[in-house]
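Got the structure open in your viewer? Let's take a short walk through one part of the fold and see which neighbours turn up along the way.

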Amino acid sequence: MDSRDFDPRRFEVIEHPLVQHKLSILRDKDTGTKQFRELVTELAVFEGYEAMRDFPLEDVEVDTPLERTTCKRIAGKKVAIIPILRAGLGMVDGILTLTPSARVGHVGMYRDPVTHEPHQYYCKFPPDIDKRTCLVVDPMLATGGSLTAAIKFLRDAGVKDIRCLTLVSAPEGVKAVLDFDPEVRLFTCALDRQLNESAYILPGLGDAGDRIYGTK
Ligand code: URA
């Protein structure tokens, strides 16, 4: 399976050379916690930039030191970043560098180690979430269970524009997310081969949360 198996209007692999270069370092088992964390932040910046590429612009008058001119500014798009705890937290600062006034909501999920089913233990969104473009961030899209659950919470809260940002995705997870919600858009830096029997992505990069927080 490759990216051509999915609708290009809803699924995009960020092929930029800088992204692919940084992702290779991220995958390396010898990359330490500090560098891993920095790379997750940097990749989130690149990915956030792509995910906001179609934000609408409006004219604004600006006085330069020489004359008045008509420029562009983003037309009233309000953003919320929704990290899926805990690994998604690693991508928040990168996106906040692009949209410093974004609100941040949180969805806490853990995977049952036996069934691999997601369980929610925390969910808190900004009060005007339904008026915001939501960027749901989670470095690894494996089965899609956590991401589809987060999408459901956001749709139930009335959110119309949901964009999911992951760093590494398994085909099974991409299919699950795109099938679950007919409108959601998904950005990733790599579409990997498959899941193993423990629902880890192959070749992947291991447990993103453990590598970000140095817990293993
Ligand atoms: N979560 C991770 O951190 N890594 C995987 O490979 C799958 C899910």
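Start by selecting Ala 80 and Arg 103: in this predicted model, Arg 103 of strand β5 is the bridge partner of Ala 80. Now widen the selection to residues 79-85, which make up strand β4, and add residues 103-104 for β5. These two strands pair in the parallel sense, with two bridges between them.

How does the chain get from β4 to β5? Select residues 92-98 and you will have helix α3, through which the chain crosses between the two strands. This β-α-β crossover is right-handed.

Next, keep β4 on screen and bring in residues 106-111, strand β6. Here too the strands run parallel, and two bridges join them. To find a contact point, pick Ile 84, whose bridge partner in β6 is Val 107.

Now add residues 133-137, strand β8. Over how many bridges do β4 and β8 pair? The pairing is parallel and spans five bridges. For a landmark, click on Pro 83 and then on Val 137, its bridge partner in β8.

With those neighbours displayed, return to β4 itself. Is this strand mostly covered or mostly open? Mostly covered: six of its seven residues are buried.

Finally, zoom out and select residues 13-215. An unreviewed UniProt entry lists this span as "domain: Phosphoribosyltransferase". Helix accounts for 32% of the span and strand for 30%. If you pick the C-alpha atoms at its two ends, you will find them 29 Å apart.

Definitions and conventions: Residues are numbered from 1 along each chain as its sequence is written. This is a predicted model: local features need pLDDT of at least 70, side-chain atom pairs count only at pLDDT 80 or more; totals for chains, interfaces and linings use all residues. A residue is buried if 20 or more other C-beta atoms lie within 10 Å of its own, exposed if 12 or fewer, and partly exposed in between; C-beta atoms are placed from the backbone. Helices (H or I, at least four residues) and strands (E, at least two) are DSSP runs, numbered from the N terminus. Two strands pair if DSSP finds at least two bridges between them. A crossover is right-handed if, with the strands pointing away from the viewer, the path from the first strand over the helix to the second runs clockwise. UniProt positions are given in the numbering used here, feature names are shortened, and annotations may be inferred rather than shown by experiment.
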